[in-house]
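Thank you for coming, everyone. Please take a moment with the sequence and the structure before I begin, and keep both in view while I talk.

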Amino acid sequence: YSQRKVKSQEDFIMAGSKLGLVLGFMTFSATLFSTFTLMGMPDFSRVHGVGAWMFLAFSDAGMVFLILWFGFLLRKKVASIEFRGMSSLLQQIYGIKWAGYLYFLAIFIFLVPYVAIQIRGVATFLELGFGNLNIPAWLWSLGIVAFVLLYSSAGGLKAIVYADFVQGTSLLIIVWIIGVACLQNMGGWTEMFNQLALKNEALLSTPGPKGLLTSPFLIGSFIAIMMIPVTQPQLSTRLVIMKDIKAMNKMAVAVGFFAMLVIFPTLLIGFYGAINYPDATAAEFIGKALIKDQLPIVGAFAVIGLFAAAMSTADSQLFALGNELRGLLGEKASKSLVTIRLAVLGFAASALLFSLFSSD
């Protein structure tokens, strides 16, 4: 998205605050579903079985309700207040500066490692998948961060929104192609469940082979996932920039629909792994299921999908951190785009550094 098209500060920071249904739900969905979609969800169902669907689908349904409820209250609150991020909003509501600083500290502690694991996961995957190029993981990480900074610092949130549309669409198509291919490889629905029962019957019921999917775990996960629109500022901001309440309500329902569409094929990939690679490490399973066992062109698209998933999460989170800091720096600093660009650069460097020292 060309920098020449960013006509104002409102365009750069808040994408013009007039997002329609399609762009709104695609940017929300793409930001929400990170590399966990292609790397985490399949492995989760491979290890814990069909109960993974309960964990993911039930929790995401709760999140849709919270988008409707919290989004309505948030938009009502900011209707008479200039929105400069959740940290600044908390300061204005409570009249206490430390409320904003506490929120910012909490999201910094959470989001920097969150961005780092996106970068690290994809970089490790690319290092293994393209070992013949002899490119180390740190160089892949640097390339990912540089590319994210290039378009997000040039076009702002509007550039990120348009990139999310492409990335979310790519992710949805790719995960279904691989999911259907895995289902065909297993011999269809009936044969898949027969093989799962022979391999490990505990995969077909809760709490699963590891005993993880108990009621306390599901309740705890439900609360954590349901609260994502509140605890992650990049998603809270997307509720504010929808053009009106009607568009936001439709967006919430569309996000729930997208969640069901994107989660279901990951279960098929996971069951394929449970049958064929029950004792493999997560990295080995993902590498084989997404690339080596697929047609070359499908494997190539899987790599693109992982790139897209990592970038659509990382760019939004880094930009959100920059926007939150801008709001805390006061009226003068908040009017400067230089401030947010420097903040995004600093947070990107922090996430890159963290990714280099984190484990595989």
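Let me start with Thr-231, which, once its neighbours within four places in sequence are set aside, is in contact with Tyr-103 and Ile-107. This is a predicted model, so please hear everything I say as a description of a prediction. Thr-231 lies in helix H10, residues 228–231. Is Thr-231 buried or exposed? The answer falls between those two words, because its relative accessibility is 40%, and at that value Thr-231 counts as partly exposed. If you would like a sense of distance, Thr-231 and Phe-58 are 173 residues apart in sequence, and their C-alpha atoms are 19 Å apart in space.

Moving along the chain, we come to Gln-234, whose place is in helix H11, residues 233–240. Gln-234 is buried, because its relative accessible area is 1%, and the cut-off for that word is under 20%. The side chain of Gln-234 is joined to the side chain of Gln-232 by a polar contact of 2.6 Å. Leaving aside neighbours within four places in sequence, Gln-234 is also in contact with Thr-31, Leu-111, Ser-316, Gln-317 and Ala-320.

Thr-31 comes up again when we turn to Thr-313, a residue found in helix H14. Thr-313 counts as buried because its relative accessible area is 0%. Not counting residues up to four places away in sequence, Thr-313 touches Thr-31, and it also touches Ala-30, Phe-33, Ser-34, Tyr-114 and Gln-118. The C-alpha atoms of Thr-313 and Ala-282, on the other hand, are separated by 21 Å, with the two positions 31 residues apart along the chain.

Phe-33, which I have just named, leads us to the interior. Which residues have the most contacts inside the largest nonpolar core? They are Phe-33 and Met-251, in a core that has 108 residues. For Met-251, leaving aside neighbours within four places in sequence, the contacts are with Leu-21, Gly-24, Phe-25, Phe-28, Ile-67, Leu-239 and Met-242.

Now please find helix H5, whose buried residues are Met-86, Ser-87, Ser-88, Leu-89 and Gln-91. These buried residues pack against helix H4 (51–78), H6, H11 and helix H14 (296–328). Just after H5, Gly-95 takes a positive phi of about 70 degrees.

Helix H5 also brings us to the surface, where Ile-93, Tyr-94, Ile-96, Trp-98, Tyr-101 and Leu-102 make a nonpolar patch of about 650 Å². Helix H5 (86–94) and helix H6 (97–129) each supply at least two residues of this patch. Which helix gives the most? That is H6, with 3 residues, and Leu-102 is found in helix H6. A general point about helices may help as you look: an α-helix has 3.6 residues a turn, so residues three or four places apart point the same way.

Finally, I would like to show you two places in loops. Asn-134 is found in the loop between H6 and helix H7 (137–185), and its phi is near 55 degrees, a positive value in a residue other than glycine. Asn-134 counts as exposed because its relative accessibility is 68%. The other place is Pro-207, in the loop between helix H8 (189–199) and helix H9 (215–226). There, the peptide bond from Thr-206 to Pro-207 is cis, with omega near 10 degrees.

Note on methods. Residues are numbered from 1 along each chain as its sequence is written. This is a predicted model: local features need pLDDT of at least 70, side-chain atom pairs count only at pLDDT 80 or more; totals for chains, interfaces and linings use all residues. Side-chain values use heavy atoms; hydrogens and water are left out. Patches are made of residues with over 30% relative accessible area and no salt bridge: like charges are joined within 9 Å, nonpolar side chains (Val, Leu, Ile, Met, Phe, Trp, Tyr) within 5 Å. Accessible areas come from the Shrake-Rupley method with a 1.4 Å probe; for residues, only the protein chains shown count as cover. A salt bridge is a side-chain nitrogen of Lys or Arg within 4 Å of a carboxyl oxygen of Asp or Glu. Helices (H or I, at least four residues) and strands (E, at least two) are DSSP runs, numbered from the N terminus. Buried means under 20% relative accessible area, exposed over 50%, partly exposed in between (1.4 Å probe, protein chains only). A polar contact is a pair of N or O atoms within 3.5 Å; within protein, one must be able to donate a hydrogen and the other to accept it, and residues adjacent in sequence count only if both atoms are side-chain atoms. Contact means heavy atoms within 4.5 Å. A nonpolar core is a set of buried Ala, Val, Leu, Ile, Met, Phe, Trp, Tyr and Cys residues joined through side-chain atoms within 4.5 Å.
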